[in-house]
Amino acid sequence: MPISSRNNNGQSLLHIEGDMTIYTAADMKDELMNHIAQPCDREIDLSEVSEMDSAGLQILILAKRDSERHGTSLRLTGHSRAVLDVLDMCNLAPYFGDPVVLSCNEKKGQ
Amino acid sequence: MGKAILIVDDSASVRQVVSIALKGAGYDVIEGCDGKDALTKLNGQKIHLIISDVNMPNMDGITFVKEVKKLANYKFTPIIMLTTESQEGKKQEGQAAGAKAWVVKPFQPAQMLAAVSKLILP
Amino acid sequence: MSLDLDQALQTYIAEARELLQDMEDSLLRLEADPSDADTIGAIFRAAHTIKGSAGLFGLDPIVSFTHIVEDVLDRVRDGDVVIEANLIAVLLESGDHMLHLVDVVAAQGGQLDAEAIARESGLRIRLQDYQANQDSSKSNNVVQVETEASFQSSGGGFVETDNWHISLRFGENVMRDGMDPLSFLRYLSTLGEIVSITTMFDALPPADKMDAESCYLGFEIDFKSDADKATIAGVFEFAREGSLIHILPPHSKLTEYIDLIRSFPENETRLGEILVSTGALTQQELEDGLSEQQTSTRSDGSTTPLGEILVDQRSVEHEVVQAALDKQTQSKDSKSKENRYIRVHADKLDELINMVGELVIAGAGVSLLAQRVSDNGLQEATSVMSGLVEEIRDGALRLRMVPIGETFSRFQRVVRDVGRELGKDIELVITGAETELDKTVVEKIGDPLMHLVRNAMDHGIESASIRQAVGKPAKGTLRLNAYHDSGSIVIEIVDDGGGLNRDRILQKARERGLIAPNVTPPDSEIYNMIFEAGFSTAEAITNLSGRGVGMDVVKRNITALRGTVSLDSAVGQGTTVSIRLPLTLAIIDGFLVGVGKSSYIVPLDMVQECIELSEKDRQETRERSYLNLRGEVLPFVKLRDHFEVESIGGSRRENVVVVSCAGQKAGLVVDELMGEFQTVIKPLGKIFSTLRGISGSTILGSGEVALILDVPSLVHQAVNQESQKVSTRQLSHSVM
């Protein structure tokens, strides 16, 4: 499964691995939404996301919006290069409001 | 490694020129000489874009596009159709089949590169 | 031009020539069967590809002319133009002109001369008759952008910003169609600077209603760029279907912004705020604009005029898509039996075959050594290896084998054109087109064939009136046939014309002293006289005038290919010319024989059997030049005498290799039979060209040179010697 989860002091830790693209979007949405429906705070580790397109971005937006509706918090962490590129391009980092770590090299590499 | 592009055309010179232009820009290029041949190239490897001619022996471009759309691993691959200005009908047929991008033949390599870049950068 | 592109251009030239040949073949086929949709499709594809590829190389003269041809062919395909003789004639000539264009413009990088330009304009005029009216609807590939027409309500001035504003709401299906909105943004950023971007996802439905493969995204972008509107609009051209795309140039009218705000699904205030926050509009501009619009538009509440227009526009596109779908179900998938090829440079193949030749020689050397040391294991291993080498050799040679059909079908056009010129209706029937032979042979056989075909049409086949007078069908038939026969390919040119005039040829041959006045050779020999140098003249053989001219050249060309040519004719029924050629010029299976210290190779496929020369036979051979082979007269040649080989030791046994060629048998008397041997043919130098009975040389595994026997000439010699002796004997009898 591309999404694995574990529990840490009542907080759910999700880990997404592989592509977040239109090819995986449908499955990923269903799975992620199952998690979001659980009433607890949650963190998603995106460090292993290898590729992300608009479909993947929509899933993240949906997760964020639905978490807000459920009154739980969603934190994105460990953004991989692929995720950062997309958030940067769409100017969406402020929307998610998570601290984003950019290494100097990576920034220059753009 | 660059993004992989499959160019399908029965004309070897078209394939060669497109291939030179795209490789020069940093893409990987795989060639197919007609629809049927091209389908055999869709064998699990990642293809980021397909460029296909319309008029080809064995399997024409429209049929090829329809076949690609049936493949779970490739159905969302962007497809550029090579049409001619006299083939408005073919272009629409191709779009209906799922090839929403097009380049009008005859084209300059730079035009092809521009069309490809809109859909994927290397 | 870069090296790579130059290579691609070479590919194009070869490809175009091939396609033009296909086109010509197809056109001729079409003449016979004008309704063949597959053929029409193939012709169209040929023109289409030639034009399309020419454009890649900027070969405008080719593009511009071929475009017209393609246009006409497109109409033929659609059934708007009917195939008729004139059209085929124009298309054939157009094909010729395209070939000329390819040769001049693509291959030589030159320009058409005055004559060719005149020809082209003539063709253009003739093609015009088949073209559609010139105002044919040209498609508009430019993205639908905001119309420049200004609003009647001239409220508001121009906005201050010098950025473009781009509003995007992507259609639901863009991602399913393989297009990632993010890709367009990435490409956009290569054309300028994205000053600000706001991602719009208000359209994203609740999770349970959201389809993960549908697109709900939109973007409001302020963009700084020197690119023109068409270029910027072009970025999104592939996503136009189902999407809302608005591009406002710098300093657009305020009203256009306001209308933009109104046209989008999001809340007016929200969009307005975004535009202000990104700097596209100032707060003042927004407020002014909104209030002025309110007063100047009809007060029917939430009208969104532009939105409606866009919705209308979408429905139009919907209809277009529907029409395309309908048409699509009608169109049949085109089938084709075209083969797939890898294009390999002929030099590379030749190199490979040369290497294989060396390998064969080296392999033979190893085999000989292994035999000498009589180590069983080694012999077994070498025999396995020679088996493989043999397969590689055959495979390599097969690579160079091409069907003769291509060469044959070229004559369809020749027969058609020459037939018209001569006013004769002649049909060309091709059989055995799939018969394969070495490419190097194919290349050299074209000229002799052309000569023979033209001669057969000109002088062989009679005019329609004569044919009808003798009760033959008015339409003449010329047949090209090919088949394999014991290691050779036989090509036949058969006409159903009047046949050769035997008596005239005989008379002429006697005049020339080619045949003794009192000797009457068999008919076949008389007919073959016409291959003698400068044999015939018009007055000599009236119904054949000219047939002799150049026939000696034909024969010389064929002989140079180690081939033979013969002719058979029946008065009133026609003439058959048979050309017999080796399949390949590179390697043969040889049979190694020894005479004295020398070794000779007999091509294995000509060897019938080997017999030992008994003491009784040896006695007889001293007196006469034929043997009794199971009651059959077998003329023979003693190689020792023929090549003047020194004998070693007197009483060695002798053997006879019985060879056959073109239906004649002869014996070659040799000392030793040394078995089969794969022979790589090395051509002999020019100084050996006068040597009779030798066709080439090869190198044995031991490094020694062996000569390859020219069996046809030896057989000919043996048979002639024999028949001359017989005839002189008969002669002397009759004198007595």
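Contact here means heavy atoms within 4.5 Å. By that criterion, eight residues of chain B are in contact with four residues of chain A. This is a predicted model, in which local features need pLDDT of at least 70 and side-chain atom pairs count only at pLDDT 80 or more, while totals for chains, interfaces and linings use all residues. Residues are numbered from 1 along each chain as its sequence is written, chains are lettered from A in the order written, and side-chain values use heavy atoms, without hydrogens and water.

**Where chain B meets chain A**

- About 410 Å² is buried between chain B and chain A, with carbon and sulfur atoms giving 52%; this is the accessible area (1.4 Å probe) that two parts lose on being put together, summed over both.
- On the chain B side, B:Lys46, B:Asn73 and B:Phe76 lose the most area to chain A, together 81% of what that side buries.
- Two salt bridges are counted between these chains, each a side-chain nitrogen of Lys or Arg within 4 Å of a carboxyl oxygen of Asp or Glu.
- B:Lys46 and A:Glu51 meet through their side chains in a salt bridge, at 3.2 Å from N to O.

**Nonpolar cores**

- A nonpolar core is a set of buried (under 20% relative accessible area, 1.4 Å probe, protein chains only) Ala, Val, Leu, Ile, Met, Phe, Trp, Tyr and Cys residues joined through side-chain atoms within 4.5 Å.
- The largest has 153 residues, and B:Ile51, B:Val116 and C:Phe219 are among those with the most contacts inside it.
- A second, separate core of 45 residues includes C:Val415 and C:Leu506.
- B:Ile51 touches residues including B:Ile5, B:Leu82 and B:Val116, not counting residues up to four places away in sequence.

Terms used: Buried means under 20% relative accessible area, exposed over 50%, partly exposed in between (1.4 Å probe, protein chains only).
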